[in-house]
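Let's take a walk through this one, starting with a few backbone oddities and then stepping back to the whole assembly. Keep the viewer open as you read.

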Protein chains: 2
Amino acid sequence: MVRTIRDIAKSAGVSVSTVSKVINNYPNVSDKTKERVLRVVREEQFVPNSTARGLVKGSTQTLGLFLTTGLTHPYFVQLLAGLEESLKESGYDLIYLAQIDWNPEYSLVRHCRSRNVDGVLIFGFQRNDLNFDEMLQSEIPTMFIDLDLIGSRAGFITSDNVDSMRQAVSYLTGLGHRKIAFVAGYQDSYVGKLRFEGYRQGIQESDLPYSSEYTFFGDFTRDSGYAAMKQFLECSAPPTAVICCSDMSALGVIEAAAEAGLTVPQDLSVIGFDDIEISRYTNPPLTTIRQDFQTIGRQAVLQLDQLIRTPHIAPPTLIIPTELIIRGSCGICRDSE
Amino acid sequence: MVRTIRDIAKSAGVSVSTVSKVINNYPNVSDKTKERVLRVVREEQFVPNSTARGLVKGSTQTLGLFLTTGLTHPYFVQLLAGLEESLKESGYDLIYLAQIDWNPEYSLVRHCRSRNVDGVLIFGFQRNDLNFDEMLQSEIPTMFIDLDLIGSRAGFITSDNVDSMRQAVSYLTGLGHRKIAFVAGYQDSYVGKLRFEGYRQGIQESDLPYSSEYTFFGDFTRDSGYAAMKQFLECSAPPTAVICCSDMSALGVIEAAAEAGLTVPQDLSVIGFDDIEISRYTNPPLTTIRQDFQTIGRQAVLQLDQLIRTPHIAPPTLIIPTELIIRGSCGICRDSE
DNA sequence: TTGTACGCGTTATCAG
DNA sequence: CTGATAACGCGTACAA
């Protein structure tokens, strides 16, 4: 039994517009009628139809979310928790736009418009996965997560990938390491590039020579870590420390090292990335870089909300710090050379 | 520059109703006008406004999703993948109803109605978390995931928790074990109860005595597994096998066993639940029960779609089989007793 | 302070 | 086969 604003008006003995004014907290309503209307609203459990409201206002208190398919990011759940928290604060529901298709005619912008979303969150994509230019040129408020795209109404938020890796290198050099290898992610992914860049900067800042032998481009999996370490062991001067782009690949590195008779952290230091749940419990516990996805999710919505509500604001670009979690997989360099 | 159906009508030199008929594939339109309209639609990149459509049709091609807060289920991502796949097939977008609040006045039903969703998915809740009765009594098509609630328009889908545990017990008795302990989940959770029930059934079917000493009620964490094993070791006749309600707690059991000088699987057999990514790589690799969350997500949407489209259909209740993944953490019982 | 009437973009009915 | 026109439920100038 669905109630409309008209039913409420009748029950309260006022006009529809008065009800509307009460609901939307307009000033020019006498306290007496306001109270009466409010009582009826409560009694009849009236909730305004957001579809109708969306039609007339051209906005729906809804944020659109585009997600890449096959998402396996370990900390996606945290992101969601961050989203949820701020979604509540700012009063939006989230519509997951699942009807993406990958043919070139598909248009994110049209999809958004047809749904009348107030703003859009985009997560998990690479630069050329979809036609993001159209999105950037549109007037639709947009926040990219982990992709550095900017438009007049579009900003982005991401972890500080570069600094993460510089920190990691610096931590290892502080332990005396000078032969530091790097298990990279996809060469052409946004985060992959930045982390590699951070590694190179770190190397440079510590006056260490860069050797391409010490870099392996993998795919974040355990297997790629394993393969990487096998390759590093072939080097004329094998590394004494390895930085990885994911915890899973760090685990692969440790396994390959163990097979070669090397123990961590005595013979080899290893740093991971992500801080997945298991990392606390591995043997040894993994030293790793933790991304603050809860904050990223939270800030993405908060910033988007600002963008939506402020017409000429500069598009937000946020870089969220990471944290090096020091556990047991790194040790002082014993390489006498 | 947003186009409406009126713009299209003007450009094509026909009436709005004709355009509407073409868009919605109505029969009574001549091929010639249909073609002309379609051309204009394509040229002008017209997409009908789903808000307006939703208003008049009373349905929005949208499914609502209620999620519990702080969801950390490792396989939620799989569920999402399953959802996404079938969402695409059946043409819905998913609206994540984040504006839940926990005061008693909050009504799921009203929230749904205000958004005009066609159906609802509910995941991660316990029976008394919210007022689900109202939902069950409403005419809103609903699928509960992992919660066995049924209404005239509401069904559920879940893994076969009972059978999973019976399988596990049966597998262990097949290996000669007769002292089989159980690390349960929350005592009052839906899945927790069923898994415990399955364990008891399995015990009974194998004519083993049930001993409350052999059951520990934990919370799915590694720590609770650790604590459980410590307790089991205090028994006058410690178990030779342990079944756990999560992989993490299985890892805790193994750790506690190792501390007591027991090696797995020689001295103790351990079975987990979930098959998280890491289980393949632990030492020994974990024998565990895998839930098919991809299928659960997929079927949830498919069944809901059926429910929506068929007025008087019986509410679907699906129990999805699990799979015992046999790896290296179980061995033949050596207990000579 | 309150109410009337129109419009948001679409679909459905019914007359032509 | 095509086109007016009335809904759908709400917000808001404007009139009272």
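Find the loop between α3 (31–43) and α4 (50–57) of chain B, and you'll land on B:Gln45. Bear in mind that this is a predicted model. What's odd about B:Gln45 is its backbone: phi is positive, about 55°, although the residue is not a glycine. Most residues other than glycine have a negative phi. As for its surroundings, B:Gln45 is partly exposed, with a relative accessible area of 42%.

Now hop over to chain A for another case. A:Asp274 is not a glycine either, and its phi is positive too, near 125°. You'll find A:Asp274 in the loop between β9 and β10 of chain A. Is A:Asp274 buried or exposed? With a relative accessible area of 10%, A:Asp274 is buried, whereas B:Gln45 is partly exposed.

Stay in that part of chain A for a peptide bond worth a look. The loop between β9 (269–273) and β10 (287–290) also holds A:Pro284. The bond joining A:Asn283 to A:Pro284 is cis, with omega at about -5°. Most peptide bonds are trans. Chain B has a cis bond to show you as well, between B:Val264 and B:Pro265, where omega is about 5°. This time the proline, B:Pro265, sits in the loop that runs between α11 (247–259) and β9 (269–273) of chain B.

While you're in chain B, look at the loop between α7 (132–137) and β4 (142–145), where B:Ser138 has its place. B:Ser138 has a relative accessibility of 7%, and since anything under 20% counts as buried, B:Ser138 is buried. Which residues does it touch, leaving aside those up to four places away in sequence? B:Ser138 touches B:Val109 and B:Arg153. Take B:Val109: 29 residues separate it from B:Ser138 in sequence, yet their C-alpha atoms are 7.4 Å apart in space.

Let's zoom out to a whole chain. Chain A has 12 helices and 12 strands. Its C-alpha trace spans about 90 × 40 × 35 Å along the principal axes. How does that show up in the radius of gyration? Chain A has 26 Å, while a compact globule of 337 residues would be near 20 Å. Buried residues account for 53% of the 337 residues in chain A. If you take the contacts in chain A with a separation of 6 or more, 71% of them are between residues 24 or more positions apart.

On the outside, chain A has an accessible surface of about 14,900 Å², and carbon and sulfur atoms make up 49% of it. For charge, chain A carries 31 positive and 40 negative charges, and the mean positions of the two sets are 12 Å apart.

Finally, put the chains together. Rotate chain A by 180°, with 0.1 Å of shift along the rotation axis, and chain A superposes on chain B with an RMSD of 0.1 Å. The two copies are therefore related as by a two-fold rotation axis. Want to find that axis in your viewer? Go to A:Ile95, whose C-alpha is the nearest to the axis in chain A, 2.0 Å from it. The interface fits this picture: 100% of the interface residues of chain A are interface residues in chain B too, so the copies meet through the same surface.

Key
Residues numbered from 1 in each chain as written. Chains lettered and ligands numbered in written order. Predicted model: local features only at pLDDT ≥ 70, side-chain atom pairs only at ≥ 80, totals over all residues. Heavy atoms only, no water. Least-squares fit on C-alpha atoms with pLDDT ≥ 70 in both. Contact = heavy atoms within 4.5 Å. Helix = DSSP H or I, 4+ residues; strand = E, 2+ residues; numbered from the N terminus. Rg over C-alpha atoms; globule rule 2.2 N^0.38 Å. Buried < 20%, exposed > 50% of the residue type's maximum accessible area, 1.4 Å probe, protein only. Areas by Shrake-Rupley, 256 points an atom, 1.4 Å probe, with all protein chains shown as cover. Lys, Arg positive; Asp, Glu negative; His and termini not counted. Charge placed at Lys NZ, Arg CZ, Asp CG, Glu CD.
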